Amino acid sequence: YKITVIADLGGCSAASRHLVPFLRNMTKIDEQNYPELANAIFCVNCPWIFPAMYNLIKPFLDPVTRKKISVFKHKKDFAPPLLEAIDAEQLSTVYGGKSTVKMPQVETIEIDKTGECRMEIKVPSNENVKLEISGMNDKKGGLFVWNYEAQQDVTLKVEFVGKKQKKLVAVTKEVKGQGEFNSTSLGNLVLTFENTAAETVVVKYFTYFYGYELFKTNEFIETQRQKAKEQKSKNKGKEVEEEEKKLSYDAS
């Protein structure tokens, strides 16, 4: 189970000073929760300020992770390596592939000084906006998580849409909320924000998906780490025991 990440930094500027703690937090979380899973990380559409920002977080990166990161400014430069890592049918035309699946349109990405990231969308008056959380083609499903905050009450309808099942997860009407849904089959989660107010409502949100295979891989890695830790402890105990025997022998 490997993940290829495309970090589109188009729009980043010198004013995006909080990007540094965000990238630092992101790499820390990835290394702690998704060890060995990154196949490659492509930073594309990078502005002139990014190399300086990247140099600030480089010392915090694991050497193995650092080798997997590639930085590109222009499409002509990042399209070829992306096509080597991702099938053209799965890669969006935006990045040089053939997929015409419409990508989510995010108005703004807000990053505070702690590095926490929230995306932002605008829901026009008497209209609704749908957001789809991909299940990453994980056949055994996984855990979907969402969190949002709006300027005023909006109606949120959450549905799981899968090949085997379609299920209404929740309907809420409030300024902010959060939730999770554990699926057991392949599918996506659809969040529909409905605005019945007389003016446009701004919604800030973030979503995650933790696939079953990802959990399984992490459990395996954690088991291996625990075994290595126990073996190291045993070896250290044997060394201490041998040293004590040696000292006892020398004393006699």
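Visitor: How much surface does the protein expose, and what share do carbon and sulfur atoms supply?

Guide: Good place to start! The protein exposes about 16,300 Å², and 51% of that comes from carbon and sulfur atoms. Keep in mind that this is a predicted model.

Visitor: What percentage of the residues is buried?

Guide: Of the 252 residues in the protein, 34% are buried.

Visitor: Which secondary structure elements should I look for, and how many of each?

Guide: You can trace 5 helices and 10 strands in the protein.

Visitor: Among contacts between residues at least 6 apart in sequence, what percentage join residues at least 24 apart?

Guide: For this protein the figure is 73%.

Visitor: Now to charged side chains. How many salt bridges does a search of the whole structure find?

Guide: First the general idea: side chains of opposite charge can pair when their charged atoms come close. Here, searching the whole structure turns up 1 salt bridge. Its partners are Asp77 and Lys76, whose closest N and O atoms are 3.5 Å apart. That pair qualifies because the limit is 4 Å.

Visitor: Is Lys76 buried or exposed?

Guide: Lys76 has a relative accessible area of 63%, so it counts as exposed. Its partner Asp77 is at 33% relative accessibility, which means Asp77 is partly exposed.

Visitor: And the aromatic rings: which residues form one aromatic cluster?

Guide: Rings are paired by the distance between their centres, which must lie within 6.5 Å. By this rule there are 7 aromatic pairs. As for the cluster, look for Phe144, Phe160, Phe181 and Phe209, which form one together.

Notes
Residues are numbered from 1 along each chain as its sequence is written. This is a predicted model: local features need pLDDT of at least 70, side-chain atom pairs count only at pLDDT 80 or more; totals for chains, interfaces and linings use all residues. Side-chain values use heavy atoms; hydrogens and water are left out. Rings of Phe, Tyr and Trp (its six-membered ring) pair if their centres lie within 6.5 Å; planes under 30 degrees apart count as stacked, over 60 as edge-to-face and the rest as tilted. Buried means under 20% relative accessible area, exposed over 50%, partly exposed in between (1.4 Å probe, protein chains only). Helices (H or I, at least four residues) and strands (E, at least two) are DSSP runs, numbered from the N terminus. Contact means heavy atoms within 4.5 Å. Accessible areas come from the Shrake-Rupley method with a 1.4 Å probe; for residues, only the protein chains shown count as cover.
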